[in-house]
Amino acid sequence: MRAILLAAAARAMERVDVRGDGGIWKRVVVAGSGRAPEPLEGIRCAYSGRLSDGSEFDANPNWGFTLGVGEVIKGFDDGVATMRVGERSEFEVRFDYAYGEAGLPGRIPPRATLFFDITLLEIVAAEPRDRLALPESSSTTPPATTVVVVDGEPVKLDALGPVVINKDGTASRITNWPEMTPAEQENTLRIIVKRNRARLAALRRESQEQSRDE
């Protein structure tokens, strides 16, 4: 029993408080030999995610996303940012760095702490891009909705950020848009434009199919 307790204590001592507030805990399982990723770089990783009861809610052996633009939950983003290529680490992510008070209905309970096992496989350098002409924000009066052309595609933009088309045709916003740097906003706009284009095309196809059925 004493040996088990000592082993548990040793593992706990190896953990690192990533944010300094207990929101994200990290333990390195296998050290990496490559460099750490930078914001706006693409990364590929293998991961699995578990709930506190040990049940797995998600996993992918080869998954990619852009670091630092809000494509994933804050705890995953901040955790991967501390890793090096080839590294495997375990993360404990508190609810406010995950899916918040509400959770994700059907998959993640409210106020759920999540546990991730992540291996950073590779870093894909961000491609050089022309700077977008974004409208300047006002500290007193929110700007009216405007249309910005991104990579040849229009997207609506105002003080709350770009309009995101959901899969069901409804619209939503990015919660952390005001906190993003200009570079992060530019990269996020390009990602949203691609998603909006694909989702609008899917909605049109669905509408056409329904019309034919009628």
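Is helix 2 mostly covered or mostly open, and how many of its 8 residues are buried? Helix 2 is mostly covered, with 6 of its 8 residues buried. The model is predicted. This briefing starts with that helix, then moves to the cores, a hairpin and the largest pocket.

**Helix 2**
- Helix 2 spans residues 74–81.
- Its buried residues are G75, F76, D77, D78, G79 and V80.
- These buried residues pack against strand 2 (24–30), strand 3, strand 4, strand 5 and strand 6.
- In general, an α-helix has 3.6 residues a turn, so residues three or four places apart point the same way.

**The largest nonpolar core**
- The largest nonpolar core holds 23 residues.
- F65, F76, V80, L114, F116 and I118 touch the most other members.
- Two or more core residues come from each of these elements: strand 3 (42–50), strand 4 (56–66), helix 2 (74–81), strand 5 (88–93) and strand 6 (114–124).
- Strand 6 gives the largest share of this core, 4 residues.
- Helix 2 appears again here: F76 and V80 are buried residues of helix 2, and both are among the core members that touch the most others.

**I118 and its contacts**
- Leaving aside residues up to four places away in sequence, I118 touches C45, A46, Y47, F76, V80, M83, E87, R88, S89 and F91.
- Two of these partners, F76 and V80, are buried in helix 2.

**Another core**
- Apart from the largest core lies another one, of 11 residues.
- Its members include V150, L157, I174 and L189.

**The hairpin of strands 3 and 4**
- Strand 3 and strand 4 pair in the antiparallel sense, over 8 bridges.
- G49 stands opposite D58 in strand 4.
- The two strands form a hairpin, with 5 residues between them.
- In the turn, G54 has a positive phi of about 95°.
- In a regular strand, side chains alternate between the two faces of the sheet.

**The largest pocket**
- The volume of the largest pocket is about 1,400 Å³.
- Its lining has 41 residues, and V69, G70, E71, V72 and I73 are the closest to the pocket centre.
- Strand 4, helix 2 and helix 3 (182–213) each supply at least two lining residues.
- Helix 3 gives the largest share of the lining, 6 residues.
- By type, the lining divides into 22 nonpolar, 8 polar and 11 charged residues.
- Strand 4 and helix 2 supply residues to this lining, and both also give residues to the largest nonpolar core.

Methods
Residues numbered from 1 in each chain as written. Predicted model: local features only at pLDDT ≥ 70, side-chain atom pairs only at ≥ 80, totals over all residues. Heavy atoms only, no water. Core = buried A, V, L, I, M, F, W, Y, C linked by side-chain atoms within 4.5 Å. Buried < 20%, exposed > 50% of the residue type's maximum accessible area, 1.4 Å probe, protein only. Contact = heavy atoms within 4.5 Å. 1 Å grid on protein atoms, 1.4 Å probe; cavity = no way out; pocket = protein on both sides within 12 Å on 5 of 7 lines; lining within 4 Å. Points joined across faces, edges and corners; volume = space filled by probe spheres on them. Nonpolar A, V, L, I, M, F, W, Y, C, P; charged D, E, K, R; others polar. Pairing = 2+ DSSP bridges.
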